[in-house]
Amino acid sequence: MFKFDIVSGTVAREVVAESRREISRVVREAYLTHESGDTVNPNSYFLRFPDKPSARIIALPAYLGGEHDVAGVKWIASFPENVERNVPRASAVLLLNDYATGYPFACLEASQISAARTAASCVLGAGLLHGSTRAARVAVVGAGVIARAILDFFAAEQWDIGEFTVYDQVPGYADRLARHARETLGVPATVADGTAAAVRDADLVVLATTAAAPHLTDPALLRPRQTVLNISLRDISPEIILASHNVVDDVEHCLTAGTSPHLAEQACGHRDFVDGTLAQVMRDKVRFDDDRPRIFSPFGLGVLDLAVGSFVHRRAVESGRTTSVDDFFGETERWAG
């Protein structure tokens, strides 16, 4: 009853690599469960540091009902200056709690889980807003771990992509991601010399940067029906948001913390520019016209981490790849004897 499991990052990465299509289905169902109200997803809590203004550690507590019936919290650090030392920007752990007793039953290294749920959400949004799984060209701005995960999920979902165009402020990162697309996924890929060159005329645009403020400011940069996956949330100016269709994962969560939709709300004083949530698109409750771009801005919900984390834990247990700590809890009875 009080078994406690550890799932390492190596095991989490293995399970994700084996199960991307299943994880995509898990994320889809978690969105629908959230839309139906069978979740608790409080605001994220941000720990910031006066002498490290770009760094933060975020707590995402949540409860996911439905078939999962699990609570938990992801504790994820984002230290952008890590990349200068060739260390990933993000590191994370995920605790899963039994809903019946409240006792934690697993701790998972969660950077792989966080990347997988973000990538699955991105590719799900791409299909729903774009209206197909075929794209002549996909632009990727920002060539880090998240971008690589997104490309892997495009491949797992069997997208027919003619070409990737990659841009990153660090040319070597863009080169590596383009090489990954060519050599691992078998899709032609080129490196652009700037954001505008990458974005122009692409069917899909993936924004996966560490930008803290908008740098895409000209509404003319995007064209009607172009789908933009605003994964990093802060690349796009309010002017572009207000000139586009907008879909979010959760309105209250996304319109906070200086995201592009939050800045747009502050600029115009209302939220009417939000067409709906991704789950509402799934349920055919959102309509798009053909004269504006379509932007998906997912804030990143803790319930998605619980969904993917529970899946990874279950697969790890089934395959004997967990480390169990049988005496993790010092007392499991109120009164012994």
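Two strands count as paired if DSSP finds at least two bridges between them. Keep that in mind for the first views of this predicted model.

**View 1. Strands β5 and β6 run side by side in the antiparallel sense.** β5 covers residues 70-78 and β6 covers residues 90-98, and 9 bridges join the two. Want one pair to look for? Find Lys74, then look across to Leu94 in β6, which stands opposite. As you follow a strand along, remember that in a regular strand the side chains alternate between the two faces of the sheet.

**View 2. Strand β6 also pairs with β7, and the two make a hairpin.** β7 takes in residues 104-109, and its pairing with β6 is antiparallel over 5 bridges. Here Leu95 sits opposite Cys107 in β7. Between the two strands are 5 residues. One of the residues in the turn, Gly102, has a positive phi of about 85°.

**View 3. Tyr99 is in the loop between β6 and β7.** Is Tyr99 buried or partly exposed? Its relative accessibility is 48%, so Tyr99 counts as partly exposed. Setting aside neighbours within four places in sequence, Tyr99 is in contact with Tyr63 and Asp69. Check out Gly65 too: 34 residues separate Gly65 and Tyr99 along the chain, yet their C-alpha atoms are 9.4 Å apart.

**View 4. Leu47, Trp75 and Val93 make up a nonpolar patch on the surface.** Together these three residues have about 250 Å² of accessible area. Trp75 belongs to strand β5. With a relative accessibility of 39%, Trp75 counts as partly exposed.

**View 5. Thr33 is tucked into the model as part of helix α2, and counts as buried.** The helix spans residues 20-35. Why does Thr33 get the label "buried"? The label applies to anything under 20% relative accessible area, and Thr33 is at 15%, so it qualifies. Beyond its neighbours within four places in sequence, Thr33 is in contact with Asp38, Thr39, Leu64, Gly65 and Gly66.

**View 6. Helix α9 has several buried residues.** The helix runs over residues 260-268, and Ser260, Pro261, His262, Ala264 and Glu265 are buried. What covers them? The cover includes two strands, β12 (227-230) and β15 (294-297), along with the helices α7 (238-242) and α8 (251-254). After α9 comes Gly269, with a positive phi near 85°.

Conventions. Residues are numbered from 1 along each chain as its sequence is written. This is a predicted model: local features need pLDDT of at least 70, side-chain atom pairs count only at pLDDT 80 or more; totals for chains, interfaces and linings use all residues. Side-chain values use heavy atoms; hydrogens and water are left out. Helices (H or I, at least four residues) and strands (E, at least two) are DSSP runs, numbered from the N terminus. Buried means under 20% relative accessible area, exposed over 50%, partly exposed in between (1.4 Å probe, protein chains only). Contact means heavy atoms within 4.5 Å. Patches are made of residues with over 30% relative accessible area and no salt bridge: like charges are joined within 9 Å, nonpolar side chains (Val, Leu, Ile, Met, Phe, Trp, Tyr) within 5 Å. Accessible areas come from the Shrake-Rupley method with a 1.4 Å probe; for residues, only the protein chains shown count as cover. A salt bridge is a side-chain nitrogen of Lys or Arg within 4 Å of a carboxyl oxygen of Asp or Glu.
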